[in-house]
Each structure stands twice: as structure tokens, then as C-alpha cells.
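Hi there,

Here is the structure I promised to pass on. Have a look at it first, and then read my notes below.

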2 protein chains.
Amino acid sequence: MNDVAAHAGVSLKTVSRVVNGLDHVRPDKFERVTRAIETLGFRRNEYARQLRQGTTATIGLVLEDVADPFYSLLTRAVEDVAFERNHVVLAASSAEDPLRARALIESFGARGVDGLIVAPAGGIDAGYLRSELDAGSSMVFVDRPVSGIDADTVLVDSREGAQRGTEHLIGHGHRRIAFFGDDESVYTATERRAGYRAALEAAGIPFDDRLVVMTVPSTAPTSELLDRVLAGPDAPTALFSGNNRWSVRLLRALRDRSDRLAFLGFDDFELSDVLNPGITVIAQDASAVGRIAAELLFRRITGDTSPVQRVQLATRLIPRGSAERPGPFAAR
Amino acid sequence: MNDVAAHAGVSLKTVSRVVNGLDHVRPDKFERVTRAIETLGFRRNEYARQLRQGTTATIGLVLEDVADPFYSLLTRAVEDVAFERNHVVLAASSAEDPLRARALIESFGARGVDGLIVAPAGGIDAGYLRSELDAGSSMVFVDRPVSGIDADTVLVDSREGAQRGTEHLIGHGHRRIAFFGDDESVYTATERRAGYRAALEAAGIPFDDRLVVMTVPSTAPTSELLDRVLAGPDAPTALFSGNNRWSVRLLRALRDRSDRLAFLGFDDFELSDVLNPGITVIAQDASAVGRIAAELLFRRITGDTSPVQRVQLATRLIPRGSAERPGPFAAR
DNA sequence: GTGAAAGCGCTAACAG
DNA sequence: CTGTTAGCGCTTTCAC
């Protein structure tokens, strides 16, 4: 900026005025400055500016894994809102590791993000999140709540969705329904299992622990688990998959088996309608979660101090065949 | 930092030393400072630090759409490398809009990113990219090259892959093969069409423009296009889909038709192996593209001035059935 | 309208 | 080992 000032023969402050375009500058000087900027290829350093102003026009987004379709859709929605508001987004995947999540959040905080959208990893430590909040950055939780922290939260009503899905299977005559969910430490996993269980109990069907698998799908030996769950005299006639990672793995494993099972998955996925039969799902709107969370965040950033909100988005049951008649899922 | 210094009864610089942990500080002062940091909840402002040091420990990533599986995998790989190197990543989707891409890249530049990974949108203006380079940030292009700019580039060998795929179809007896690709402005689309064409010509099969569709899949009336391509006396017996967006749309449209067509897609996708028959694809390793690009970028950031590289990753043909015997793709 | 001076939070360079 | 001074690139204040 100094160089530009020298080049144009004006003071540094005049250049600043031109660059910001708010104050009035006499046309001839304005012209000279503009030209100097052009020839020197000057660009204002945002961070120097923001160091002075105390804002960074940056928000942070921390979730488990951008490569998961649910989160990648959410990310895109957040990016779109941020772009509209002239903010940039620092994005990171915690890989479901609380320590990495912490490192990321703290490094975002140290960079003075105006706000943070976090899908809290299981076993996250509320303490340091509170320090971030105290340090002045707004925060919105998505997908999972964090107890003990006073921040807006945008969730999908997992329990209700799972319950409705299970009822749907029961309505089609199934009484032995297996459930595959994520690890117990994951909020949505236990919520969905709770919904599953509630539906069974409402229908007078006993909850059977042997039909329930709760583990991270990425490392699970899918077909062994299936063997175990499907073994025995009173084998399940339907499968409820608790998330899209499990759905993909289970469908892949089922392809190579002869079992005729009904199937229902939580969270929709691409090609769910191309399989035969189409896969019935409880769909959640990842885009809406991201958009609403971002809008909430910007409201806070711009000074809204109304009471903390907790938004619960409804799910949608999409019947496509797999839950309405028994499989197989890919005719051979 | 001033407050901490006052609280601990030392100079500001001593605090700086403690925070940075490089210089030696006498234990008692170290202790006092540490405690003051603790009680005051002090956190160093990264950007102030970096303003002084001239680096931001930030890289930017601009691609079309994080929600596209190819790019979301790539993003994850970039994030992982960045995390290892203690850098954060500013991520954004250009939505295939050159103006938005430019706005994003310039705003990243103004924030002084150390480096930039860009999947250049079709019709991108090389001029401003060059100014970014001149301004000192390293740059690596992924997925598509930009002519006239001297920067490392990581590509998938689209042409060769498409050629091999087409040869595969020809090898299975097909002579009328339709090709669906992205808009002409997209580098990979024309490359793949060129590979397709080369294979035809090598086999002495005339290239027929009526069998080629080049348009953005998201807005295309898929089934009308299919109607048109499949009409006529000499209808195609095989479909070559130029990217995973087209694959999904085509497979969906084909589900409702009775045509018996062989199918081969460029770029693998989830569930490609669960469909029946499994979908034969030319797979590209999105993760590897991201990882290699990031590593290249960090090499430049850390001062490597060796000649510009152009990395071409090979594709992999994965035969699963859809190209080896005619469809349908989802038995009914 | 314009400019000089101070300072955002930090580190580099130097002196002690 | 420790402190002082200057300055990163910009905006704010206030005087002209």
C-alpha cells in the first residue's frame, strides 16, 4: 500500500480510502491511485486488515469425513451460504478421532474464525469447546448435540425416523428385524437404535440383543457379522441399516448370499433407486442441515443473541421395494 | 500477550519465547508464564504471527463441487496431507462457474494462502491465475490442465483410459457405441471423447456424431437424449458414460427401459459392484490425485524450484459384467 | 478532502 | 538468558 501511495504521489491513507471505496476522494487522485494499483498489481492483504478490524470473514467446518456423502452434501450447502456472505470456509475431517478434532478446532480458533460448525466426534471434550465459545467465536453443532454447551444445534430426528422405519417393516409382517448401527459412542447410532427398539416394543416384539450390531462399519468384518446375525433357528427376515456406510457394506455382502431378506436403510444414497428392488430408505436432508446451520451461525456472527435453538429436521420414508417384499437386492 | 507478560511480571518477548518453545527460558519464569497463560486463557493469534512471518500455514482448494464423489475423495486426501504438515485448508466449490472460481481464488489469494490446488473450471481465465502465481502463492492444477501457466499439474490419463474402455467394448463385439460426456468446455470430456474416437478408428469403425452427447449431465433431459441416440435402424449396442454423474443418470434411465445394452463408465462409483450385473468401469484414483497434488504443492511451498511437473495417473479397467454381456442393468 | 501518527498481536534483530 | 525496539500491512483517530 505504501508502494502504491508513493507511485501515485499520495498518502497511504488515500490509497486505503480508494481501496475501501467508502470515503470520498477527489477524482484525479482516485484515478492516479487506481492506475498505480493496476500497474503494481497491488492486492490488499485481508489478514492484515482483519487483524486491525478484529474479524476474519472466515468460518470453520469440522466433521468426520468429507468423503462421506452425507457430509459432502452438508459441506457444499455450508460453502454456498458462506460464499453469499463473503466468507471463506476452513474445512477439515476429524476422521472420527477426538484428538484430531480438537487439534483442528483449536487451530481454527487460533486463526480467529468468526464461527464454527462442528459435527462433534464421539467422546469429544466439552471443555475446550467452551473455551472456544468464550474466546468469542460462535458455534453451531450439526448431526449430534454436545451436552453442557450452550450453542445452536441442527439435528435430524434420528429416533423418530428409525422408529418409523422399523414400524414400516413390522407393518409388512416382519417380527425378526436385525439392526446394524455405528459404534455406541456415536449419538445418532444410539438414537436410531432407540427408535428401532421403541417400535419393536410398541408392537409387542421382544428386543433381542443378538440381532443388534453396533460397530464402526469401515473396520467391521461384514460377512462374519451377517453370518452370526443370520444364524440360528429364529433368523431375522429383515435388515435395518443404521447409516449409509452400513447400507453399502451390507448390500455388497448380501449380493453374494442367497438369503431372502427385506432391507431398509437410514439415510438415502445414490443409486438406491437403481438397484432392484429399489432400496427403501429413511432419507435425511443433508443439504438442509448444512444450510440451516450456516444461516444460524451467520445470525449469531452478526450479533443475534436470542436464546439458543435446537432444530430437529424430520426424515422422509421413501418406499422403493426392498422393504416391502423380501430381497434379494440384486437379482442374479 | 501483553497481559500475560504483565501478569507474569516478565517482558512480552519472554512470553513469546515460552509460547514458541524454541529459545531457552529460566524455569521459574517459564513456570510463571505458563501459569499466566493458563489463568488468562491466552491463545496466540495465528494471523498476527503470520503477518509478521509472511506465511499463513493455509492452503486453498478450489474445485467444482465437493458433493461430487470424485472431488470429495480428492478433498479428503488433500486435507490429510495438510493436517500432517500443520496447515489448514480453505475449501470451496466453484459450481463450474468461472466467475465464482475467480472470486474464490482471489479471495484466497488476498488471505495469503501459501498455496492453491485448483481444478480449473472450463473457460477459466489464465490471466488472473498468473497474477496469483506472481504474487507468490504456489499452485497445482488437478484433473485439468491450464495452458499457458507454468504450474505443476496432476491428471488422470483420461484419453488413454477412454480408449482402453472403448477397445474393451469393441473386443466384446460392439461396433455401435454411444458416448455421453460433459460439456465440450470441460477438458476431461473432450479427452475422453478423443480416446473413444481413437479406439473406434483403430478398429476401423466410423465415428458417428449422432452417437455422441456432450452436455452437462445435471441439466440434461436424460431419457430424451437416450431416445434420440437409441433411435434409428443402426442403434448402438453399448453405452460409454464419460463420468460418474452421467453413469448414475444413465443407469437410472435405463432401469425403466427394455433396451439390452452393454455399459461401461468412466470413474468408479459406490455400488457399482452391487448392481446386477456389476458395472464395468475405468477407475481413477481420486485419493491419489489429491495426495500427490498436495505433496507436490508442499514441496513447492518449502522452496523446491525444480522444473514444473505434469503427473499423469493411469486408470484401471475393472470388468464387472455390464460391458462383457449386454444389460439390462437391474434385472426386473 | 487529506494526511500524520498510533496501534491491531505478534516476531526479528539486536543489545545487554 | 532477557529485554528493547522496530515493523509485518492495514485501519482508526484526529488534526489540518
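Let me begin with the contact between the two protein chains in this predicted model. Chain B touches chain A through 56 residues, and 56 residues of chain A are in contact with them. The size of an interface is often given as the accessible area lost when the parts come together. For chains B and A, the buried area is about 4,800 Å², and carbon and sulfur atoms give 57% of that.

The polar side of this interface may interest you as well. There are 12 salt bridges between chain B and chain A. One of them joins Arg100(B) to Asp80(A), with the closest N and O atoms 2.8 Å apart. In addition, 25 residue pairs across the two chains are in polar contact, counting pairs with both residues at pLDDT 80 or more.

Which elements of chain B give two or more residues to the side that touches chain A? They are α4 (46–53), α5 (69–84), β2 (88–93), α6 (98–110) and α11 (244–255). The largest share comes from α5(B), with 8 residues. Sorted by class, that side of chain B has 28 nonpolar, 11 polar and 17 charged residues.

The β2 strands deserve a look of their own. Strand β2 of chain A, residues 88–93, pairs with β2(B) in the antiparallel sense, over 2 bridges. If you want a place to zoom in, Ala91(A) stands opposite Val89(B) in that pairing.

Now to the DNA, starting with strand C. There are 25 residues around DNA strand C, and those that come nearest are Thr14(A), Arg26(A), Arg52(A), Ser16(B) and Asn45(B). Of the strand C atoms within 4 Å of the protein, 66% belong to sugar or phosphate, and the rest belong to bases. On the phosphate side, a polar side-chain atom of Asn20(B) lies 3.3 Å from a phosphate oxygen of strand C, and a polar side-chain atom of Gln53(B) lies 3.2 Å from a phosphate oxygen of that strand. Ala48(B) reaches a base instead: a backbone N or O atom of this residue is 3.1 Å from a base nitrogen of strand C.

The surface near strand C draws at least two residues each from α2 (12–20) and α4 (46–53) of chain A, and from α2 (12–20) and α4 of chain B. Here α4(B) gives the most, with 5 residues. By class, this surface has 8 nonpolar, 7 polar and 10 charged residues.

Strand D comes next. Of the 23 residues around DNA strand D, Lys13(A), Asn45(A), Thr14(B), Arg26(B) and Arg52(B) come nearest. Sugar or phosphate accounts for 63% of the strand D atoms within 4 Å of the protein, with bases making up the rest. A polar backbone atom of Met1(A) is 3.2 Å from a phosphate oxygen of strand D, and a backbone N or O atom of Asn45(A) lies 2.8 Å from a phosphate oxygen of strand D. For Arg52(A), the partner is a base: a polar side-chain atom of this residue lies 3.2 Å from a base oxygen of strand D.

Near strand D, α2 and α4 of chain A and α2 and α4 of chain B each supply at least two residues of the surface. The residues of that surface divide into 6 nonpolar, 7 polar and 10 charged.

Happy browsing, and best wishes!

Key
Residues are numbered from 1 along each chain as its sequence is written. Chains are lettered from A and ligands numbered from 1 in the order in which they are written. This is a predicted model: local features need pLDDT of at least 70, side-chain atom pairs count only at pLDDT 80 or more; totals for chains, interfaces and linings use all residues. Side-chain values use heavy atoms; hydrogens and water are left out. Contact means heavy atoms within 4.5 Å. Buried area is the accessible area (1.4 Å probe) that two parts lose on being put together, summed over both. A salt bridge is a side-chain nitrogen of Lys or Arg within 4 Å of a carboxyl oxygen of Asp or Glu. A polar contact is a pair of N or O atoms within 3.5 Å; within protein, one must be able to donate a hydrogen and the other to accept it, and residues adjacent in sequence count only if both atoms are side-chain atoms. Helices (H or I, at least four residues) and strands (E, at least two) are DSSP runs, numbered from the N terminus. Ala, Val, Leu, Ile, Met, Phe, Trp, Tyr, Cys and Pro count as nonpolar, Asp, Glu, Lys and Arg as charged, and the others, Gly among them, as polar. Two strands pair if DSSP finds at least two bridges between them. A residue is near a molecule or strand if one of its heavy atoms lies within 4 Å of it.
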